[in-house]
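Me: I want the reasoning behind the labels, not just the labels. Can you take me through it?

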Amino acid sequence: MGVGIEVRGLNAWYGKNQSLNSIDMTVPANHVTAVIGPSGCGKSTYVRCLNRMHETIPEAHAEGSVKVGEMDVYGSATDPVEVRRRIGMVFQKPNPFPTMSIYGNVAAGLKLNGFRNRRQMDELVERSLKLAALWEEVKDDLHKKSGASLSGGQQQRLCIARSLAVEPEVLLMDEPASALDPISTSKIEELIFQLKQHYTVVIVTHNMQQAARVAEFTGFFLMGSLIEYDKTEKIFTTPADKRTEDYITGRFG
Amino acid sequence: MPQGISLWRRLTNHGATAFAVSAAVLVLVPLLAIFVYLLIKGIGSVNIAFLTRTPQPPGEVGGGMANAIVGTGLILAIASVLGLPLGIGSGIYLAEYGRNRFGDLIRFTADVLNGVPSIVIGIAVYGLIVIRQKHFSAFSGGVALGIMMIPTVARATEEMLLMVPNVIREAAYGLGIPKWRTTLSVSLRTASAGVITGCMLAFARVAGETAPLLFTAFGNQFWNLKLNQPTAALSLQVYTYAISPYDDWHKQAWAGSLILIILIVGAVAAVRITTSRGMMKGAS
């Protein structure tokens, strides 16, 4: 089951440049929350702060409070590796491990964390591929084909399956469909809709229609600040802030 | 629509293609010439005795280089055990952790070491190991060749790891895989084809080295499998035989050269075949 996320006073920097200004946000469990905004507004940085991926970039750091369920993400005793194990991430460009088979890709998170039970691993791989709606297309080639031999849309679903195999509580998606064609995109969107039964999903998108289609809640970012955060319907019909309205009506700029 | 392409464009196209083809052929010519010449000169002296017997006393006809063939294998094994892990290890450091002044220093040192003449490395190892142990040895020969392998392997490993896209590392971090595990099981594995090529280049390069072995392995007319005793090596044997006044030894020098080339090519090919086969299998 998914867990909720509580963000309080989150700031992030790249070197001396501040890219997030004290963000407060409450993400409800088992819902899809979208993060929208123009390029460079800090939306990617924001989700990368939620699983402490931000700090893997040289000279980048973040401060503030992020609680994912009971876990204090920025607590002094918290291991960032453990955080990332419990908060899965799907990236903009599909990035399967090129030298591994389809099975190897999905099992990578388990194997490289010392998981040894072969039968249980087979089950988890199958379950994850089914959840990611890829099982039927690849079940005969699990060990034969490399992850890189799949099409772009299949690769992205493979990456989703890979994230699901380690059984995270939250799934972060950083523009997961922006490199895909419309058919693959609609598959991913359907998938996101299914996933919220088991996971809390936060999705970054620069496609407003996509946010409207998949998300119950939407946050609008601008220049590193969270301008407005509300039910998606409210954001897209009667936004409270003039800047949100300008952005969603395309009058921005 | 051929009529749409001007004469000048067709000419330059053919000209450039012809240039590229002749350049490729020119590269192959010396390689083939050496091999064919060795074959002609050496094949006549390659026989069972050559491959199974030790050298005869000077002036006597017959005997072989069996001890040198085994000695070369022994010295190269020592060199690889020493040079490959150290080279790959420092390459990993340079690529994944070495974006700083210390990394620059290591990188500079490796490049300088790469340029040090092999005979100087031989003398250094002579001073450091042979004099202390008070005798020449297979071990000191292996150390000298191993040192020569390190910079090539290190820089090749670094370059190959830097070519692994960062999104691959991020994918691993995102799964909660620790950095050391990511480096070994994801980055290094993704770069493995290139790293193996680097290792084979270094191996092939030192396999035929003679100068660093003159004061270390020293050479031996008899069987020796002990690491702390003087050991024969094909390159040393070829050198000794080639400068000798005996006709039979000259022939054997050619045969030794041929065997050395065949062994190097064979080793490189064997590694290539086994690793390319294991690539996807190991993945599942």
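Reply: Start with a yardstick. The radius of gyration is taken over C-alpha atoms, and the globule rule is 2.2 Å times the number of residues to the power 0.38. Keep in mind that this is a predicted model.

Me: How do you know whether chain A agrees with a compact globule?

Reply: Put its 253 residues into the rule, and a radius of gyration near 18 Å is expected. Chain A has 18 Å, so the value agrees with a compact globule. Its C-alpha trace spans about 55 × 45 × 30 Å along the principal axes. Chain A holds 10 helices and 10 strands, and 49% of its residues count as buried.

Me: What share of the contacts in chain A joins residues at least 24 apart?

Reply: Take contacts between residues at least 6 apart in sequence: 69% of them join residues at least 24 apart.

Me: Why is B:F35 called partly exposed?

Reply: The buried label needs 20 or more C-beta neighbours within 10 Å, and the exposed label 12 or fewer. B:F35 has 14, so it counts as partly exposed. This residue sits in helix α1 of chain B, residues 7–42. Its C-alpha atom is 8.2 Å from that of B:I261, a residue 226 places away along the chain.

Me: What makes β1 and β2 of chain A a pair?

Reply: Pairing requires at least two bridges between the strands. Strand β1 (residues 5–14) and strand β2 (residues 17–27) of chain A have seven, in the antiparallel sense. Against that cut-off, they therefore pair. One bridge joins A:Y14 to A:N17 in β2(A). Two residues lie between the strands of this hairpin, where A:G15 takes a positive phi near 60°.

Me: Which residues have the most contacts inside the largest nonpolar core?

Reply: That core has 84 residues, and A:V201, A:V202 and A:I203 are among those with the most contacts inside it. Leaving out residues up to four places away in sequence, A:V202 touches seven residues by name: A:V27, A:T33, A:V35, A:V47, A:L50, A:V170 and A:L172. Another core lies apart from the largest one, with 61 residues, including B:L74 and B:V153.

Me: How many residues of chain B are in contact with chain A, and which helix gives the most?

Reply: In chain B, 20 residues are in contact with 27 residues of chain A. Helices α7, α8 and α12 of chain B each supply at least two residues to that side. α7(B) gives the most, with six. By class, this side of chain B has 11 nonpolar, six polar and three charged residues.

Notes. Residues are numbered from 1 along each chain as its sequence is written. Chains are lettered from A and ligands numbered from 1 in the order in which they are written. This is a predicted model: local features need pLDDT of at least 70, side-chain atom pairs count only at pLDDT 80 or more; totals for chains, interfaces and linings use all residues. Helices (H or I, at least four residues) and strands (E, at least two) are DSSP runs, numbered from the N terminus. Two residues are in contact if their C-beta atoms, placed from the backbone, lie within 7 Å. Ala, Val, Leu, Ile, Met, Phe, Trp, Tyr, Cys and Pro count as nonpolar, Asp, Glu, Lys and Arg as charged, and the others, Gly among them, as polar. A nonpolar core is a set of buried Ala, Val, Leu, Ile, Met, Phe, Trp, Tyr and Cys residues joined through C-beta atoms within 7 Å.
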